[in-house]
Amino acid sequence: MNKNNRFSDRFDWTLCFLLLLFFLISCIAIYSGQSSNQYEGNFVVSQIKNYVVGAIIVAIVMYFDSEQIRRLTWLLYGLGILLLVGLFIAPESIAPERKGATLWYIIPGLGSVQPSEFVKVFLIIALSKVIADHHLKYQAKTAGTDFFLLIKLGAATLPPLGLIIIEDLGTALVIIAILTGIILVSGITWKILVPIYGILGAFAGTVLYLVIIAPEILEKYLGIDPYQFSRIYSWLDPVNHKQGAGMQLYNSMLAIGSGLISGKGFTDRQVYVPDAHTDFIFSVIGEEYGFFGASVVISLFFLLIYHLTKTGLETTDPFNTYICVGVISMITFHVFQNIGMTIQVLPITGIPLPFISYGGSSLMGNMMAMGLIFSIRYHHRTYMFSTDSNYVAK
């Protein structure tokens, strides 16, 4: 075994450089986004503070190797569940309702903290441990063991998903994306996965069809609030809903389209988009920097995903590989959903753009995930003659 003890050789400088670029882009875009004066306060300064806290989180997580993280898995998972349950029973002074949902704790001196952002990372660790332990125990792979693994993954996901989906559909979709990505690389046979995903896909298609054609059926039998349908209608036809539910999407597309190839320039925005510094920050980038600026941001995310994929392939511990897959699934879905909802590819769900949108809990949760990747690189072992796929760092 060969392990270089020099910090400069073990530290992931590539990932650090990518995060630095995201930090610069975030500050520039937020500065422009807050110019609409929708909210009071200097969000750039707050975002800088969030990044400082995020860097501390990265340093702390990076200290732990994979074996130590394994031992903490269920403690972190249980803590996440308790924090989610606490939102339903805590007094309003601690967990106030905002925009019809109770998603945040108010911590004196720190502001609001959204526990679901951290629960996503805890779930990635838990699912990774479930798969790694399962394959160690059942080395003779059968359809029965694969189905058992699928049940265990579903059982681990159901509690946080059930608690989150009540108040936050966007984060619930992220959790489903994480579960889906990890399942696809878990080794479960396609003979089980294809029918299950086929049925789920058909169900989702049927629900969307009923929303468009016969919403009264969903209102009657599933008890869905008609207000929820307005998001679908405004997504499919934002022009005819631009004075109401479709205004944000319509203005976002107008802003991005008006940026053309090179954009209008720094702080030269002309189209008002609500929440431009948070969920719709991509519209700021598209309007001010055009196709070129938007392409640079998307390319950076491709480089990030490539680097995470490379890390997952190079690690010798399957547990670490599954963590990389979970983080990749989370980041990829966030990027695809956020950018997609600003250009009418996907419905609006309130999912922020990772590392760029303003938001403390979201950024810190993502930085915690990056801390796991830093840890994998920092504690990576290499072997001169062979590799051991079941190796666990000691």
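Gln344 is partly exposed in this predicted model, with a relative accessible area of 27%. That value falls between the 20% mark, under which a residue counts as buried, and the 50% mark, over which a residue counts as exposed. Gln344 sits in the loop that links helix 13 (318–342) to helix 14 (360–378), and its backbone stands out a little: phi is positive, at about 70 degrees, even though Gln344 is not a glycine. Phe355 also belongs to the loop between helix 13 and helix 14. For Phe355, too, phi is positive, near 70 degrees, in a residue other than glycine. Here the surroundings are another matter, since Phe355 has a relative accessible area of 2% and is buried.

The two helices that flank this loop each pack against another helix. On one side, helix 13 meets helix 7 (residues 169–184), the axes coming within 8 Å and crossing at roughly 140 degrees. Helix 7 and helix 13 are therefore oblique to each other, and their crossing is right-handed. From helix 7, the residues taking part are Leu173, Val174, Ala177, Ile178, Gly181 and Ile182, while helix 13 brings in Tyr322, Val325, Gly326, Ser329, Met330, Phe333 and His334. Sorted by class, this contact has nine nonpolar residues, four polar ones and no charged ones.

On the other side, helix 14 packs with helix 2 (residues 13–33) at an angle of about 160 degrees, the axes being 10 Å apart. That angle makes helix 2 roughly antiparallel to helix 14, as angles over 145 degrees count that way. The crossing of helix 2 and helix 14 is right-handed. Leu15, Cys16 and Leu19 of helix 2 touch Met367, Met370, Ile373 and Phe374 of helix 14. The make-up of this contact is easy to sum up: seven nonpolar residues, with no polar and no charged ones.

A further pairing joins helix 4 (residues 66–89) and helix 5, whose axes come within 8 Å and cross at roughly 140 degrees. Helix 4 is thus oblique to helix 5, and the crossing is left-handed. Quite a list of residues is involved: Ile69, Arg70, Thr73, Trp74, Leu76, Tyr77, Gly80, Leu83, Leu84 and Leu87 of helix 4 meet Pro115, Ser116, Val119, Phe122, Leu123, Ile125, Ala126, Lys129, Val130, Ala132 and Asp133 of helix 5. They divide into 15 nonpolar, three polar and three charged.

Helix 5 itself (residues 115–137) has 23 residues, which at 1.5 Å a residue should span 33 Å, and this agrees with its end C-alpha atoms being 33 Å apart. Of those 23 residues, 19 are buried, so helix 5 is largely enclosed by the rest of the structure. Helix 8 (residues 190–213) passes the length check as well: its 24 residues should span 34 Å, and the end C-alpha atoms, 33 Å apart, agree with that. The buried residues of helix 8 are Ile192, Leu193, Leu210 and Val211.

Back at helix 4, the loop between that helix and strand 1 (105–107) holds Lys99. With 78% relative accessibility, Lys99 counts as exposed. Setting aside neighbours within four places in sequence, Lys99 is in contact with Tyr39 and Asp275.

Technical notes: Residues numbered from 1 in each chain as written. Predicted model: local features only at pLDDT ≥ 70, side-chain atom pairs only at ≥ 80, totals over all residues. Heavy atoms only, no water. Helix = DSSP H or I, 4+ residues; strand = E, 2+ residues; numbered from the N terminus. Expected span 1.5 Å × (residues − 1). Buried < 20%, exposed > 50% of the residue type's maximum accessible area, 1.4 Å probe, protein only. Axes fitted to C-alpha atoms, helices over the stretch in contact; angles between N-to-C directions. Parallel < 35°, antiparallel > 145°, perpendicular 65-115°, else oblique. Left-handed = near helix turned anticlockwise from the far one by under 90°. Contact = heavy atoms within 4.5 Å. Nonpolar A, V, L, I, M, F, W, Y, C, P; charged D, E, K, R; others polar.
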